[in-house]
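Reader: I would like a close look at a single part of this model. Please take me to its largest pocket.

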Amino acid sequence: IIFCSPQQIDEVMKILAQREIIAHRFTEKEGVRPEKKYGGLSERDFLLEKFSEGKYQVLAAIKCLDEGIDIPNAHTAILMSSSTNPREYIQRIGRVIRRSPGKEEALIYDIIVVPSLTNIPSEWMEIEKSIFEKELVRAIEIARNAINNAEALQMLYNVKTS
């Protein structure tokens, strides 16, 4: 599952298609009412069923998978767009850390942007630093709970001090 923003989803889908990865969007536009063309399921339930069956390798999601949807067979999450709100990122991680037969572990990639603090106006520098520090708090919390926590925390420490 790739959690992205509305501004990122078109590019994400394009990159996945270029790599011949079978993916589908999972946004607010996919219906929640049962329909005949989906075998009596809602479009969202149909997509989740096809994802569970392996017909879709990736779901590119905008907010819609944050709460209340169970996808135990999902094993990888890429957080391209995530807020500093713990509830949001915990819910997103929860999509992939659920137990499922044959699943030993889950992979979580939390992408944070390290700002370049050269050649930018000083008023922007403080804003960029603030955003980065908040994202780093989230990434550190996720890393502390990881199986590879020492490695993940070291990576974050290296980013913070460089």
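How many residues of the lining of the largest pocket are nonpolar, how many polar and how many charged?

Author: The lining of the largest pocket divides into 20 nonpolar, three polar and eight charged residues. Here Ala, Val, Leu, Ile, Met, Phe, Trp, Tyr, Cys and Pro count as nonpolar, Asp, Glu, Lys and Arg as charged, and the others, including Gly, as polar.

This is a predicted model: local features need pLDDT of at least 70, side-chain atom pairs need 80 or more, and totals for chains, interfaces and linings use all residues. Numbering starts from 1 along each chain as its sequence is written, and side-chain values use heavy atoms, without hydrogens or water.

Now the space itself. The largest pocket holds about 990 Å³. Its lining has 31 residues. Closest to the centre are Ala106, Ile108, Ile142, Ala146 and Asn148. Four elements each give two or more residues to this lining: α3 (86-97), β5 (107-110), α4 (122-144) and α5 (149-161). (A pocket is an open set of points on a 1 Å grid where a 1.4 Å probe fits, with protein on both sides within 12 Å along at least five of seven lines; lining residues have an atom within 4 Å of a point.)

β5 also belongs to an open sheet of five strands, ordered β2-β3-β1-β4-β5, with parallel pairing. β5 and β2 (23-26) stand at the edges, each with a single partner strand, so one side of each has no neighbour in the sheet. (Strands are DSSP E runs of at least two residues, helices H or I runs of at least four; paired strands share at least two bridges.)

Methods:
Grid points are joined across faces, edges and corners, and a volume is the space filled by probe spheres set on the points.
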